[in-house]
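Hi there,

Here is the structure I promised to pass on to you. Have a look at it first, and then read my notes below.

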Amino acid sequence: MSFEAKPKAARDALRFRFRGENIALSQFSTRVTVLDWLREDMGAKGTKEGCAEGDCGACTVVLARLKGGRLTHEPFNACILLLGQLDGAELITIEDLSSGGELHPLQQAMVEAHASQCGFCTPGIVMSLFAAYHSGAPETYASICDQLAGNLCRCTGYRPILAAALDVCDGAPSDRFAATAGERAAALAALADHRDVFVGDEAAFFAAPASLDSLAALYARFPDATLVGGATDVGLWITKQLRDLKRVIWLGRVAGLDAVGESADGALSLGATLTLEDAAPRLAALHPDLGELMRRFGSKQVRASGTVGGNIANGSPIGDLAPALIALGGRVVMRKGDKTRALPLEDFFIAYGKQDREPGESVVAIETPRLAPHQHYRAFKVSKRVDEDISAVMLAMRVDLDGRRIAGARIACGGMAATPKRAANAERALAGASLDAPSSWRAAREAISEDFAPLTDMRATAAYRMTVAANLLEKALIEISGAGAPTRIGVLHAAE
Ligand SMILES: Cc1cc2nc3c(=O)[nH]c(=O)nc-3n(C[C@H](O)[C@H](O)[C@H](O)COP(=O)(O)OP(=O)(O)OC[C@H]3O[C@@H](n4cnc5c(N)ncnc54)[C@H](O)[C@@H]3O)c2cc1C
Ligand code: FES
Ligand code: FES
């Protein structure tokens, strides 16, 4: 092995906390998942495998990490989480919860509420609830429903599970994890050495650069390496496509790459590795529709791991952030070597599976302008299920008003073409229309059928997609016009 391949002074072992101890691994397969490691190497079979694609939650584990100096507990799908992504974290699994022969308060509440039948989903459900138990805030009916959106239970039904959760998730955790929070945080702080990590050799490695400069140098040297943000896409390449990823560069340790800031022109800047969960409140502050979009984005597990940069860089035609931010006039910022460039988001997507990103170039931030007072915005996601489902159609629209006249519009759709795409004909047709004359919107409704030629697939037919897109356009205009017609079903959750 050539040592020149390794960044100087890089740490050559993965380090994390497990069962109260520091684990150091200097040899592991780049494609091994946390679930495989637990079940096959550690013999810890309490964490189950159901779908192996992040959908069912049977494999849920919790990672405790220090974020901004605060000890956080978040749920992750172990089936698509790469072992290397544990670096610097404390891994908590179902086996850790009971202590001294006593069940954890959550487990006891589940027993008392008769919240488990076959029990296959139960470890994952308890771990999701364990994260909620340690969230630091009392949970509500609605927040527990969101917490469990990524946990499928086929036989018990959710009522008793919700009852058990509401019984104990009161924002005041009193288990042994809470009692030892200070020591656990100190142990994690001691692991944070801010060094590059490089495990393996030139042919096959797991690397986790600690700075943007290290990332740029490493990626320039290995432009064929697979970049990993949260692995909520890449994990499935391994478990479903059985791809053998030899060179993996995980971005989760790059200092500052998850930063939230403001660009020179006042746009909101979201660092590429900002997780979808952490991005959600920032986006919700731009517009409530973005808050609702993020609430329905995947599940808690997917949002805790998936990143803003990954959602754009994957180039998916059905990704949710791309149309939402194209409509706002967003930009993607990329870096290669020491050169940084910004591109309008819509220009990044060239064709299916092809983005304007050079070898060795990484996405470092997504910037999005804020709405001016004369600009109005709407974003709608239509999917078969409300929670944890990929969009059949996603439409986002910004309308710039001059009084009641539409001076301009930006309309972007997902699920309608091979890439996230603007509806240029509909935008042109809308210019000059009046909010007070719905008949003047008709041309845009018709023009959108010239903008797209959608596919029929398992999510929707082409005809359905086309009708939905035209209807969403009109729905947005009805809402923006303030005509008062009811357009939303309302709060989907039952009483708090
Ligand atoms: C159960 C489930 C539900 C989902 N629900 C949704 C949903 O509702 N809406 C939606 O839009 N998506 C959804 N997804 C897809 C996925 O979660 C998102 O696209 C997510 O944002 C991907 O981010 P990531 O960090 O996990 O990407 P990764 O899997 O780490 O990477 C994805 C791709 O981007 C590349 N990449 C990552 N970061 C960078 C970077 N900084 N620079 C250059 N390239 C980079 C990787 O090399 C890879 O090609 C879902 C996925 C699952 C498993
Ligand atoms: S096994 Fe289904 S989410 Fe992991
Ligand atoms: S108890 Fe059987 S799937 Fe939930």
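Below is what I found, starting with the ligand and then moving on to a helix and a few single residues. Please keep in mind that this is a predicted model.

**The ligand**

How many residues surround ligand 1? There are 34 of them, and the closest are L227, G229, G230, T232 and T307. By type, the shell divides into 14 nonpolar, 12 polar and eight charged residues. Several elements supply at least two residues each to this shell: the strands β8 (226-228) and β16 (362-368), and the helices α9 (234-239) and α13 (308-313).

If you zoom in, you can find some polar contacts with oxygen atoms of ligand 1. T232 brings a polar side-chain atom to 2.6 Å from one such oxygen. D233 uses its backbone instead, with an N or O atom 2.8 Å from an oxygen of the ligand. For G298, a polar backbone atom is 3.0 Å from a ligand oxygen. Ligand 1 on its own would expose 990 Å², and 94% of that is buried by the protein.

**Helix α17**

Next, try turning the model so that you look along helix α17, residues 442-451. Its buried residues are A444, A447, I448 and D451. They sit on the same side of the helix because they span an arc of only 115° around its axis. The general rule behind this is that an α-helix has 3.6 residues a turn, so residues three or four places apart point the same way. R442, E446 and E450 lie on the other side of α17 and are exposed. What do the buried residues of α17 pack against? Their partners are β18 (393-402), β20 (421-422), α16 (424-430) and α18 (462-481).

**A buried arginine**

R303 belongs to helix α12, residues 300-305. Is R303 buried or exposed? Its relative accessible area is 4%, so R303 counts as buried, the cut-off being under 20%. Its side chain comes within reach of the backbone oxygen of R295, at 3.0 Å. Beyond its sequence neighbours within four places, R303 is in contact with several residues, among them T275, E277, F297 and G298.

**Two loop residues**

Finally, H194 is not a glycine, yet it has a positive phi of about 55°. H194 is found in the loop between α7 (181-191) and β6 (197-200), and it is exposed, at 67% relative accessibility. L242, also not a glycine, has a positive phi of about 55°. This residue is in the loop between α9 and β9 (247-250), and L242 is exposed at 64% relative accessibility.

Enjoy exploring!

Key: Residues are numbered from 1 along each chain as its sequence is written. Chains are lettered from A and ligands numbered from 1 in the order in which they are written. This is a predicted model: local features need pLDDT of at least 70, side-chain atom pairs count only at pLDDT 80 or more; totals for chains, interfaces and linings use all residues. Side-chain values use heavy atoms; hydrogens and water are left out. A residue is near a molecule or strand if one of its heavy atoms lies within 4 Å of it. A polar contact is a pair of N or O atoms within 3.5 Å; within protein, one must be able to donate a hydrogen and the other to accept it, and residues adjacent in sequence count only if both atoms are side-chain atoms. Accessible areas come from the Shrake-Rupley method with a 1.4 Å probe; for residues, only the protein chains shown count as cover. Helices (H or I, at least four residues) and strands (E, at least two) are DSSP runs, numbered from the N terminus. Ala, Val, Leu, Ile, Met, Phe, Trp, Tyr, Cys and Pro count as nonpolar, Asp, Glu, Lys and Arg as charged, and the others, Gly among them, as polar. Buried means under 20% relative accessible area, exposed over 50%, partly exposed in between (1.4 Å probe, protein chains only). The arc is that of the directions from the helix axis to the C-beta atoms. Contact means heavy atoms within 4.5 Å.
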